[in-house]
2 protein chains.
Amino acid sequence: MSNQFGNKIRLLREENNLLLRQVAPLLEIDSPQLSKIERGERQAKKEYIPLFAKIFKVTIDELLTLWLADQLFDVIQGEPMADEALKSVSKTIKRKK
Amino acid sequence: MSNQFGNKIRLLREENNLLLRQVAPLLEIDSPQLSKIERGERQAKKEYIPLFAKIFKVTIDELLTLWLADQLFDVIQGEPMADEALKSVSKTIKRKK
DNA sequence: TTAGATTTGCATAAATTTGACAAGTCAATT
DNA sequence: AATTGACTTGTCAAATTTATGCAAATCTAA
């Protein structure tokens, strides 16, 4: 499983010496929910990203990248054609620029 | 928007001179639904892929790749960090092999 | 043990997706 | 212009998925 986002959040929270119950209310969720997000049991809502960025003083882009990577991983995990599909999307994206 | 899967299905259906109402029942859906799938208004269920492959005599892998690419595209469309995220996932995948 | 922190499990609620149907458009035919 | 056949559009309720909140359990350190 890939949980780059949750891992990063937990790291940041610990570096800032904050407890789940201190951070959770800032997102208007309860501690168990935040715990689940950090452990990857559940995906963070996209709307939380700017809040996390502000709380931990990191860029939105940094967190957004990790969050997107997790979403992408969910789609292709265990898929034999994952590589092909990723290449195809990369090309499509480049064309669009 | 990316609708590689639906486009391919429509192409295959036309090449085989089949009508929506001929193909839809094979998937146990009605024609409007199939129409929506082909036009990308709706995503095909994953379970349909082997059925499509059989109907049109193409490989599952070919269709699965297109289907996955559409799912991936949905995640990253319009995202500024799409490229970074894609790279990150590609790496993760390679590590797993 | 006790207290504080985190995790687990479950029940409900909310959101999203799906399927079915009726009505609509469009093009070709008569 | 009316009919026919193919496809599209819009809506609504059912089904599935995902989120939320709480209570209880587990873990950890003093």
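Ala, Val, Leu, Ile, Met, Phe, Trp, Tyr, Cys and Pro count here as nonpolar, Asp, Glu, Lys and Arg as charged, and the others, Gly among them, as polar. With that scheme, the residues of the surface near DNA strand D divide into five nonpolar, two polar and nine charged. A residue is near a strand if one of its heavy atoms lies within 4 Å of that strand.

Some bookkeeping before I go on. This is a predicted model, in which local features need pLDDT of at least 70 and side-chain atom pairs count only at pLDDT 80 or more, while totals for chains, interfaces and linings use all residues. Residues are numbered from 1 along each chain as its sequence is written, chains are lettered from A and ligands numbered from 1 in the order in which they are written, and side-chain values use heavy atoms, with hydrogens and water left out.

I will stay with strand D for now. It is surrounded by 16 residues, and the closest are A:Arg42, B:Arg21, B:Ser35, B:Lys36 and B:Arg39. Of the atoms of DNA strand D that come within 4 Å of the protein, sugar and phosphate account for 59%.

Which elements supply at least two residues each of this surface? They are H3 of chain A, together with helix H1 (4-15), helix H2 (20-27) and H3 of chain B. Helices here are DSSP runs of H or I, at least four residues long, and strands are runs of E, at least two long, numbered from the N terminus. H3(B) gives the largest share of the surface near DNA strand D, four residues.

Now the polar contacts, meaning pairs of N or O atoms within 3.5 Å; within protein, one atom must be able to donate a hydrogen and the other to accept it, and residues adjacent in sequence count only if both atoms are side-chain atoms. On strand D, B:Lys36 has a polar side-chain atom 2.7 Å from a base oxygen. Two phosphate contacts go with that: the side chain of B:Arg39 places an N or O atom 2.6 Å from a phosphate oxygen, and a polar side-chain atom of A:Gln33 lies 3.0 Å from a phosphate oxygen.

Next, strand C. There are 16 residues around DNA strand C, and those that come nearest are A:Arg21, A:Ser35, A:Arg39, B:Gln33 and B:Arg42. Sugar and phosphate make up 56% of the strand C atoms that come within 4 Å of the protein. The residues of this surface divide into five nonpolar, two polar and nine charged.

What does B:Arg42 contact on DNA strand C? A polar side-chain atom of B:Arg42 lies 2.6 Å from a base nitrogen of that strand. The elements giving two or more residues to the surface near strand C are helix H1 (4-15), helix H2 (20-27) and helix H3 (31-39) of chain A, together with helix H3 (31-39) of chain B. H3(A) gives the most, with four residues. On the phosphate side, the side chain of A:Ser35 has an N or O atom 2.4 Å from a phosphate oxygen of strand C, and for A:Arg13 the distance to a phosphate oxygen is 3.0 Å.

A:Arg13 also belongs to the next topic, salt bridges. The cut-off is a side-chain nitrogen of Lys or Arg within 4 Å of a carboxyl oxygen of Asp or Glu. Over all chains, the structure holds ten salt bridges. In one of them, A:Glu38 pairs with A:Arg10, the closest N and O atoms being 2.5 Å apart. A:Glu38 is in helix H3 of chain A and A:Arg10 in helix H1 of chain A, 28 residues apart, so the pair links distant parts of the chain.

Accessibility is relative accessible area: buried is under 20%, exposed over 50%, and partly exposed in between, with a 1.4 Å probe and protein chains only. A:Arg10 is partly exposed, at 25%, whereas A:Glu38 counts as buried, at 2%. A:Glu38 also meets A:Arg13 in a salt bridge, at 2.7 Å, N to O. Both A:Glu38 and A:Arg13 are buried.

In chain B, the side chains of B:Lys8 and B:Glu62 meet in a salt bridge at 3.4 Å, N to O. B:Lys8 lies in helix H1 and B:Glu62 in helix H5 (residues 60-76), so the pair ties together parts that are 54 residues apart in sequence. B:Lys8 is partly exposed at 23%, and B:Glu62 is partly exposed at 32%. Back in chain A, salt bridges that share partners join A:Arg10, A:Arg13 and A:Glu38 into one network.

Last, the symmetry. Chain B superposes on chain A by a rotation of 180 degrees with 0.0 Å of shift along its axis, RMSD 0.1 Å, by least squares on the C-alpha atoms of residues with pLDDT of at least 70 in both. That is the relation of a two-fold axis.
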